[in-house]
Amino acid sequence: MLSQFSLNPNLKNPFVEFDLTHSDILAPSRELVDSLQNNFEDGNILIIEGLVPESLEYFLDQPAVRFSEWVPPVEDHEILNDNILSTHPFWAFYPHEPTIRRFQHHLRLFQESWEPLQKNLFPRYEYKRRYWSWRMNQMDLGYLHLDVPPLYKEHQMRSFMNLSRRARIIEVGPSLESLIAKYYSSEKLDELKHLNATDYLQEIKSRLFKKLKLDEHYLPRHVLRLAPGAIWISHSSLITHGIVYGEKTVCLETRIPAEQIRKKERIFSRILEDVKHQRSSTCDDFKVHQAQSP
C-alpha cells in the first residue's frame, strides 16, 4: 500500500486498507465483498488502491489551480455542458476551449468505467441515486467537520479518489457517535431529540464545533496521506474529517436504500435515533486534551 497513516493512540483507528492491484475486480471474491460491506456499514473508512478507471493518467497529469478562496465542487452535469461560453465553470480552471473539450471526453470515460468497478465491489447495493462532483483546485487547512446531509432516507456512501501525483493529506477525528457520547450531558444534547437529521447535525456542529471550537484545538486526530490514484470511502456524516493539503479529487456519492444495509443497527437514521436517546454504546473512543497556554 502506498497510502500512509499517522495514528493517534488516543483515538480509535477507523482505517481499513484494501490493495486490489492483483485482485480480479471484475469478479471479486466473496471474502473481499463481505469485508468491504461489513467495514463500510461499521462506519470505518475504506482505503482502496489498485482500482484504475479509464483516463486516470489524464487527470493525474492535469494542472491543479490555486484560488484565494474556497471553491465549491462542480457537478458533472455542469462540466458536460456543450455550450462552452464564458459562464462555463471550467473556464476558471483551464481557459481554453480545446482543453475543456478534452476534459469532458475523459470525464465521460472515467465515470463510465468507475461506476461498474465500484458496483462489482459492492454488488449487494442497488444505488438509488448517484452524484459526481469534481474538485480540481488546490486546498489546504480545512477544519475538522461532519458533513450535514439533506433530508433523505437512504444511506450515504462517498468515494473520493486522489487525482494528484502528490499525496492528499487528510485529518480524521472521532466518530459522530463518540462525540455525542462524550458531550451528551455537558452540552445538554438531550434537548435535540425532536430535530430531524439535518437540523440535528447542524445543531451538533454549532454546539460542539463552533461553541467549544473542537475542530481547532481539542480533538485528537489521525493523519492520512492518500496516495495518487487511491480512494477513500466512508459515510461522511459519521466521522469527523478535514483536509490539510490536496490538489485534485473527484467524488462519487451514492445513496443506498436503507433496507439493503445488512446491519440494521447501522442504518444512518437508526444510528441518529440511537445517539439522540443514548441507546448506543457510550464507549470512550477518545480523550479530550485541553489547549495549552502559550
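## Exercises on a sheet, a histidine and two cores

Helix 5 (residues 176–183) crosses strand 9 (168–175) and strand 12 (239–246), and its direction is at about 45 degrees to strand 9. Keep in mind that this is a predicted model.

**Exercise 1.** Work out which strands stand at the edges of the sheet.

*Solution.* Start with the strand order: the open sheet has 6 strands, arranged 1-10-9-12-7-4, with mixed pairing. Next, look at the two ends of that order. Strand 1 (4–6) and strand 4 (65–66) each have a single partner strand, so one side of each lacks a neighbour in the sheet. Now zoom in on one end: strand 1 runs antiparallel to strand 10 (residues 222–226), and 3 bridges join them. Within this pair, Phe5 sits opposite Leu224.

**Exercise 2.** Decide whether His241 is buried or exposed, and find what surrounds it.

*Solution.* First place the residue: His241 belongs to strand 12. Then check its relative accessible area, which is 9%. The cut-off for buried is under 20%, so His241 counts as buried. Beyond neighbours within four places in sequence, its contacts include Tyr143, His145, Asp147, Glu171 and Trp232. Finally, look for polar partners: a polar side-chain atom of His241 lies 3.0 Å from the backbone oxygen of Ile239.

**Exercise 3.** Find the largest nonpolar core and the helix that gives it the largest share.

*Solution.* Begin with the core itself, which has 46 residues; Phe103, Phe110, Phe122 and Trp134 have the most contacts inside it. Helix 4 (residues 97–121) supplies the largest share, 7 residues. A separate second core of 22 residues includes Leu189, Leu201, Phe268 and Leu272.

Notes
Residues are numbered from 1 along each chain as its sequence is written. This is a predicted model: local features need pLDDT of at least 70, side-chain atom pairs count only at pLDDT 80 or more; totals for chains, interfaces and linings use all residues. Side-chain values use heavy atoms; hydrogens and water are left out. A nonpolar core is a set of buried Ala, Val, Leu, Ile, Met, Phe, Trp, Tyr and Cys residues joined through side-chain atoms within 4.5 Å. Buried means under 20% relative accessible area, exposed over 50%, partly exposed in between (1.4 Å probe, protein chains only). Helices (H or I, at least four residues) and strands (E, at least two) are DSSP runs, numbered from the N terminus. Two strands pair if DSSP finds at least two bridges between them. Contact means heavy atoms within 4.5 Å. Axes are lines fitted to C-alpha atoms, for helices over the stretch in contact, and angles run from 0 to 180 degrees between N-to-C directions. A polar contact is a pair of N or O atoms within 3.5 Å; within protein, one must be able to donate a hydrogen and the other to accept it, and residues adjacent in sequence count only if both atoms are side-chain atoms.
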